[in-house]
Amino acid sequence: MSNEPIPLSKALASFDALWSPRIVTRVNDYDVRIAKVEGEHVWHVHDDTDEFFLVLDGELHISLRETGGERTVLLPQGAVLTVPRGTEHKPYAPAGAAILMFEPAGTPTVGDRHDEVPDHVEVTTGHPLDT
């Protein structure tokens, strides 16, 4: 990983794939990932880790299945949300968005348990950023 500044706009411009996070840098044992997203991801859960989302551009919706029922949280540009470990969730972006995620290195994008993965969703632990 580089110890030079990384312009996120340049990093985002370096790839087009949707739902295919790129690892921008690492902080201790955590990956800082960026992704372009549009449409729906899959319902999934991370059993042992929280998942942090920051919306860099656009708007992200995250549906959550919690003890009290299902709800959807709307994250406009600049908003953050941490989905607690063990919470089933499904991100989606009807009009597209650019997001930053912060999670332990090696965390699969579809969590530990998930619905069937459609063709447009890549199962990965993140790709190194090639800028």
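A residue counts as buried when its relative accessible area is under 20%. By that yardstick His61, at 16% relative accessibility, is buried. The model at hand is a predicted one, and His61 makes a handy way into it. This histidine sits in strand β4, which spans residues 51-66. Setting aside neighbours within four places in sequence, His61 is in contact with Thr72, Val73 and Leu74, and also with Lys90, Pro91, Tyr92 and Pro94.

Stepping back to the whole chain, the protein has one helix and nine strands. Read from the N terminus, the order is α-β-β-β-β-β-β-β-β-β, with the helix α1 covering residues 8-13. Of the 131 residues, 44% are buried. As for contacts with a separation of 6 or more, 68% of them join residues 24 or more positions apart. The chain exposes about 6900 Å², and carbon and sulfur atoms supply 48% of that area.

Salt bridges come next, and the structure holds nine of them. One of these pairs the side chains of Arg33 and Asp31, with 3.3 Å from N to O. Arg33 is buried, because its relative accessible area is 0%, and Asp31 likewise counts as buried, at 0% relative accessibility. Both residues belong to a network of salt bridges that also links Arg26 and Glu103.

Two further bridges involve residues with some exposure. Glu66 pairs with Arg71, the closest N and O atoms lying 2.6 Å apart. Glu66 is partly exposed at 33% relative accessibility, and Arg71 is partly exposed too, with a relative accessible area of 42%. Glu70, for its part, meets Arg65 in a salt bridge with an N to O distance of 3.3 Å. Here Glu70 is exposed, since its relative accessible area is 54%, whereas Arg65 is partly exposed at 35%.

The backbone has a couple of quirks as well. Most residues other than glycine have a negative phi. Trp19 goes the other way, with a positive phi of about 55°. Trp19 lies in the loop between α1 and β1, the latter running over residues 22-27. Despite the loop setting, Trp19 counts as buried, because its relative accessibility is 5%. Asn28 also has a positive phi, near 55°, without being a glycine. Its place is in the loop between β1 and β2, where β2 takes in residues 30-40. Asn28 is exposed, with a relative accessible area of 73%.

Conventions. Residues are numbered from 1 along each chain as its sequence is written. This is a predicted model: local features need pLDDT of at least 70, side-chain atom pairs count only at pLDDT 80 or more; totals for chains, interfaces and linings use all residues. Side-chain values use heavy atoms; hydrogens and water are left out. Helices (H or I, at least four residues) and strands (E, at least two) are DSSP runs, numbered from the N terminus. Buried means under 20% relative accessible area, exposed over 50%, partly exposed in between (1.4 Å probe, protein chains only). Contact means heavy atoms within 4.5 Å. Accessible areas come from the Shrake-Rupley method with a 1.4 Å probe; for residues, only the protein chains shown count as cover. A salt bridge is a side-chain nitrogen of Lys or Arg within 4 Å of a carboxyl oxygen of Asp or Glu.
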